[in-house]
Amino acid sequence: MRGMTPPDPTFADVRAAAERIAGRARRTPLLPLDDVGPGALGPDLWAKPENLQRTGSFKLRGATNFLAAMDPAQRARGVVTHSSGNHGQAVACAAHAFGVPATVVIPEGAPEVKVARTQGWGATVLRCANTASDRARGADEVVQREGATLVPPFDHPWIVAGQATAALEIAQDLDDIANVLVPVGGGGLSAGTVLALETLAPRARVIGVEPALAADAQESLRRGEPIAWPAEKTTRTWADGVQTQRLGDLPFRLLSQRLEGIVTVPEEALRPALGWWARHARLVVEPTGALTLAGWHRLTSGASDEVRLAPGRTVLMISGGNVDEAVLSSLGEARPLG
């Protein structure tokens with residue numbers, strides 16, 4: 001919010017966020033992946049399936065925490081955001097729960113399933129060109145015209161603290177964590193993961209996963225400053241949830257301090273990972289959610305040496321499962337993982 005952004009979040013803020021979202025966002029289970037039959041990938045591997053959230057992604061955590069933390073009078077005037085889909089659904093759902101109006105600016109090219117579900121929660125959807133500037137400009141016009149409050153997709157302490165509750169649950173459910181793999185887009189989930197685990201599992205390696213076609217976060221961390229990629233580059237990837245053009249400033253600060261590194265994934269690795277989740281774990285996962293399995297496979301198969309896994313228990317964060325039916329119907333054609 002303009003002029004009211006709180007300081008960088010601490011672990012106490014993560015605890016507070018967990019209390020705020022209790023009963024509004026689901027506590028998702030931690031699933032072992034060594035008991036899924038012939039397709040099992042071996043021991044010491046777990047999944048955190050945020051695709052089982054009410055809106056199909058982890059984004060509900062941050063959006064709910066943001067709205068719950070707002071001044072009630074300001075919240076009553078409504079909220080607005082810009083999103084390629086999952087954050088928009090989350091804001092729409094949280095606004096519906098609080099009984100306040102929501103507007104979501106969604107770029108052209110976003111999966112129609114995400115657009116329809118955002119509207120299903122009662123939000124007003126405005127379409128825009130597929131650039132960060134067009135998205136931000138569209139949301140700002142609603143702020144100016146209607147007095148609504150902007151709910152940032154990732155670059156805000158309340159959002160990061162809310163997303164961190166997923167990692168808090170992981171640490172509560174599993175001891176001796178060696179690695180957590182997490183997708184990296186704008187950085188809200190990955191930054192929240194390092195924030196929570198810095199206190200709860202300080203020896204765990206947090207490893208980011210990006211598509212090679214949208215690896216702006218990896219470049220940013222290597223160069224020591226947030227680097228923006230143009231929309232025509234980031235939109236090449238099938239993983240629409242990480243087509244953001246730049247890490248947020250707050251996520252960049254947190255990831256610079258704690259992230260072990262980033263592994264990049266080629267596009268051809270995503271469909272086999274999606275197929276594995278559907279056939280063996282019986283989970284509907286979107287391309288962005290499949291990044292961590294694809295990244296884990298590249299690291300364990302020796303296909304990438306960008307970062308190294310520590311021996312021991314590894315958790316794959318599944319960020320979401322909002323996927324078009326056409327994609328699901330094509331999974332039978334996917335080659336096996338590996």
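Cys93 sits well out of reach of solvent in this predicted model: its relative accessible area is just 1%, so with the cut-off for buried set at under 20%, the residue counts as buried. Cys128 falls on the buried side too, because its relative accessibility is 12% and the limit is 20%. As for disulfides, searching the whole structure turns up zero.

Cys93 belongs to the buried part of helix H4, a stretch of 13 residues covering 86-98. From first C-alpha to last, H4 reaches 19 Å, close to the 18 Å expected at 1.5 Å a residue. Most of the helix is under cover, with 10 of the 13 residues buried. Besides Cys93, the buried set takes in Asn86, His87, Gly88, Gln89 and Ala90, and it carries on through Val91, Ala92, Ala94 and Ala95. What does the covering? Among the elements packed over the buried residues of H4 are three helices, H2 (59-69), H5 (112-120) and H7 (157-173). Strands S3 (79-82) and S4 (102-107) also contribute to that cover. Just past the end of H4 comes Gly99, whose phi is positive, at about 70°.

Gln74 offers another buried spot, this time in helix H3 (residues 72-76). Gln74 has a relative accessible area of 16%, and it is therefore classed as buried, the cut-off being 20%. Its side chain is not without a polar partner: a polar contact of 3.4 Å links it to the side chain of Thr149.

Turning to the strands, six of them make up an open sheet with mixed pairing. Reading across, the order is S1-S2-S10-S7-S8-S9. Strand S1 (31-32) and strand S9 (261-265) are the edges, each pairing on one side only. In general, strands of a sheet pair through backbone hydrogen bonds, and the pairing can be parallel or antiparallel. Strand S2 (residues 45-49) and strand S10 (residues 313-318) run parallel, with five bridges joining them. In that pair, Pro49 stands opposite Ile318 of S10.

The sheet also has a helix lying across some of its strands. Helix H8 (residues 188-200) lies across strand S7 (177-183), strand S8 (205-211) and S10. Relative to S7, H8 runs at about 160°.

Note on methods: Residues are numbered from 1 along each chain as its sequence is written. This is a predicted model: local features need pLDDT of at least 70, side-chain atom pairs count only at pLDDT 80 or more; totals for chains, interfaces and linings use all residues. Side-chain values use heavy atoms; hydrogens and water are left out. A disulfide is a pair of cysteine sulfur atoms within 2.5 Å. Buried means under 20% relative accessible area, exposed over 50%, partly exposed in between (1.4 Å probe, protein chains only). Two strands pair if DSSP finds at least two bridges between them. Helices (H or I, at least four residues) and strands (E, at least two) are DSSP runs, numbered from the N terminus. Contact means heavy atoms within 4.5 Å. Axes are lines fitted to C-alpha atoms, for helices over the stretch in contact, and angles run from 0 to 180 degrees between N-to-C directions. The expected span of a helix is 1.5 Å times one less than its number of residues. A polar contact is a pair of N or O atoms within 3.5 Å; within protein, one must be able to donate a hydrogen and the other to accept it, and residues adjacent in sequence count only if both atoms are side-chain atoms.
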